[in-house]
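I opened my notebook to look around a protein fold that is new to me. Come along and read over my shoulder.

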Amino acid sequence: MKTAVMIVANNWFQDHEFSATYEALLEANAQVTIAAWRKGQCVWVFGQKIEAAYSLSEIKWDKFEMVIFIWWWGCLTQYLHNSDYLRIAQESKKLWAICIAPMVVSESGVFNWKIVTSRDDEWLQQNFIENYGGVWKNEMVIRYWNIVTANWPEAAEMFGKECIKLLEE
């Protein structure tokens, strides 16, 4: 069975990005674990709640085949410049990131010379990614080797489908 860990914020992460990706993983018979900065309750943007089974520091990352970074603005305050978050990105075998997540993940160096996308508000995310060596391209979903990135919640279904293709390899 394929194993995945989805990393969310404890407060205010994007509902649709999470649910579309989570459902795609379950349909592909993956074992999905939820992690956050602190284990316990996590609240979506529109109020739904889930439980993170682990905090970032408790997860044994080598037990997972893929890491999925789900985002919204709540994640920015928890994970920008967070050493655990950046280490996880560096150690992941297959990495998926959507919305603003590629921006923060780029700080780990894993996007050096790789083509990625992200949400981009007035070029802020694009500049951040490029400053850390990534090559930003305005696309809904991009797969580059073992990395899948997507730009907006509207790309969540496409993101999930591309992630499943990578999962099955």
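**Entry: the sheet**

I began in the middle of the sheet and saw that F69 stands opposite A97 in β8. Before going on I noted that this is a predicted model, where local features need pLDDT of at least 70, side-chain atom pairs count only at pLDDT 80 or more, and totals for chains, interfaces and linings use all residues. Residues are numbered from 1 along each chain as its sequence is written, and side-chain values use heavy atoms, with hydrogens and water left out.

For strands and helices I used DSSP runs, numbered from the N terminus: E over at least two residues for a strand, H or I over at least four for a helix. Two strands pair if DSSP finds at least two bridges between them.

Next I looked up the partners of β8. It runs parallel to β7, with three bridges joining them, and V67 has L95 in β8 as its bridge partner. Four bridges join β8 to β12 (residues 147-150), again in parallel, and there I98 stands opposite A150.

Then I stepped back: what is the order of the seven strands in the open sheet? I wrote down β6-β3-β1-β7-β8-β12-β11, with mixed pairing. At the edges are β6 (54-55) and β11 (141-144), each with a single partner strand, so one side of each has no neighbour in the sheet.

**Entry: what is buried here**

I took buried to mean under 20% relative accessible area, exposed over 50%, and partly exposed in between (1.4 Å probe, protein chains only). Both faces of β8 are covered: L95 and A97 are buried on one side, W96 and I98 on the other.

I also checked I68 in β7. I68 is buried, with a relative accessible area of 0%. Its C-alpha atom is 7.3 Å from that of A4, although 64 residues separate the two along the chain. Counting contact as heavy atoms within 4.5 Å, and leaving aside neighbours within four places in sequence, I found that I68 touches residues including A4, V5, W96 and F159.

**Entry: helix α3**

I turned to α3 (residues 83-91), where Y85, L86, I88 and A89 are buried. Seen down the helix axis, these buried residues fall within an arc of 155° (taken from the directions from the axis to the C-beta atoms), so they line one face of α3. Among the elements covering them are β1 (3-7), α2 (73-79) and α4 (101-106).

At the N-terminal end, N82 caps α3, with a side-chain oxygen 2.9 Å from the backbone nitrogen of D84.

**Entry: S106**

Is S106 buried or exposed? I found S106 buried, at a relative accessible area of 0%. This residue belongs to helix α4. Not counting residues up to four places away in sequence, S106 touches F111, F128, I129 and Y132.

**Entry: aromatic rings**

For ring pairs I used Phe, Tyr and Trp (its six-membered ring) with centres within 6.5 Å; planes under 30 degrees apart are stacked, over 60 edge-to-face, and the rest tilted. My search of the whole structure gave seven aromatic pairs. In one of them, F18 and Y22 have ring centres 5.3 Å apart and planes at 15°, so the pair is stacked.

Both residues lie in α1 (residues 15-27), four residues apart, about one turn of the helix. F18 counts as buried at 4% relative accessibility, while Y22 at 25% is partly exposed. I closed the page with a cluster: ring pairs link F13, F18, Y22 and W44.

Conventions: A polar contact is a pair of N or O atoms within 3.5 Å; within protein, one must be able to donate a hydrogen and the other to accept it, and residues adjacent in sequence count only if both atoms are side-chain atoms.
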